[in-house]
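Hi there,

Here is the structure I promised to pass on to you. Have a look at it first, and my notes follow below.

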Amino acid sequence: MKDPKTRRDDPVDAVVVLGAQVMPDGRPSPSLRRRVTKAVEVMQSREIRWLVGCGGTGRAPVSEADAIRDLAVGLGVAVAAVILVAESTSTLEHARNLVPIAAQR
């Protein structure tokens with residue numbers, strides 16, 4: 001059930017994109033592309049300042065966070081507006097690593 005206290009027009013400072021597979025050749029998976037595309041759409045439509053890309057390195061030569069940054073920048077997000085959490089390898093680690101970033105910003 002949706003929390004009635006949360007509204008679509010509440011102020012938001014950041015959009016968080018959780019990582020998804022990056023192919024061994026460095027190409028982002030279709031699911032990662034969809035996540036980033038939607039995050040950028042939301043970011044731009046709501047004038048959200050930050051995009052946080054989460055995800056470590058698996059079999060690919062780049063981390064999921066780096067792939068998120070590259071996709072977002074390709075969709076018009078400024079490099080300076082992207083925050084990377086590249087050492088996380090699970091959703092729980094993403095959440096833990098986001099706490100100090102949120103407190104700092």
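**What I found**

I will begin with a single residue: A80 counts as exposed, because its relative accessibility is 67% and the cut-off for exposed is over 50%. A80 belongs to the loop that links helix 2 to strand 3 (82-85). Between the C-alpha atoms of A80 and R49 there are 9.8 Å, and along the chain these two residues are 31 apart.

Before going further, please keep in mind that this is a predicted model. The mean pLDDT is 88, and 92% of the residues reach 70 or more. Among the elements, helix 2 (residues 64-74) has the highest mean pLDDT, at 97, while helix 3 (residues 91-104) has the lowest, at 84.

**The overall picture**

The fold is made of three helices and three strands, and along the sequence they come in the order β-α-β-α-β-α. How does the radius of gyration of the protein agree with that of a compact globule? A compact globule of 105 residues would come out near 13 Å, and the protein has 14 Å, so the two agree. If you want box dimensions, the C-alpha trace spans about 45 × 30 × 30 Å along its principal axes.

Of the 105 residues, 34% count as buried. The exposed surface of the protein is about 6,800 Å², with 53% of it supplied by carbon and sulfur atoms. For contacts between residues at least 6 apart in sequence, 62% join residues that are at least 24 apart. On the charge side, there are 15 positive and 12 negative side chains, and 4 Å separates the centres of the two sets.

**Two buried residues**

Which residues does L32 touch, once its neighbours within four places in sequence are left aside? L32 sits in helix 1, and its contacts are L18, G19, A20, Q21, V22, E64, A67, I68 and L71. L32 is buried, because its relative accessible area is 0% and buried means under 20%. From L32 to V17 the C-alpha distance is 8.7 Å, with their positions 15 residues apart in sequence.

H94 is part of helix 3. With a relative accessibility of 5%, H94 is also under the 20% cut-off and therefore counts as buried. Setting aside neighbours within four places in sequence, H94 is in contact with L18, G19, C54, G55, S88 and T89. L18 and G19 thus turn up in the contacts of L32 and in those of H94.

**Residues with some exposure**

A14 lies in strand 1. At a relative accessible area of 32%, A14 is partly exposed, because that value falls between the 20% and 50% cut-offs. Not counting residues up to four places away, A14 touches I48, W50 and V52. A14 and W50 are 36 residues apart along the chain, yet their C-alpha atoms are separated by 4.5 Å.

R27 is found in the loop between strand 1 (14-18) and helix 1. R27 is partly exposed too, with a relative accessibility of 48%. The C-alpha atoms of R27 and E87 are 19 Å apart in space, and the two residues are 60 apart in sequence.

**One backbone angle to look at**

What is the phi of E47? The value is near 55°, which is positive in a residue other than glycine. Most residues other than glycine have a negative phi. E47 is in the loop between helix 1 (30-46) and strand 2 (50-54). E47 is exposed, with a relative accessible area of 73%.

Those are my notes, and I hope you enjoy looking through the model.

Best wishes

Terms used. Residues numbered from 1 in each chain as written. Predicted model: local features only at pLDDT ≥ 70, side-chain atom pairs only at ≥ 80, totals over all residues. Heavy atoms only, no water. Helix = DSSP H or I, 4+ residues; strand = E, 2+ residues; numbered from the N terminus. Rg over C-alpha atoms; globule rule 2.2 N^0.38 Å. Buried < 20%, exposed > 50% of the residue type's maximum accessible area, 1.4 Å probe, protein only. Contact = heavy atoms within 4.5 Å. Areas by Shrake-Rupley, 256 points an atom, 1.4 Å probe, with all protein chains shown as cover. Lys, Arg positive; Asp, Glu negative; His and termini not counted. Charge placed at Lys NZ, Arg CZ, Asp CG, Glu CD. pLDDT = per-residue confidence, 0-100.
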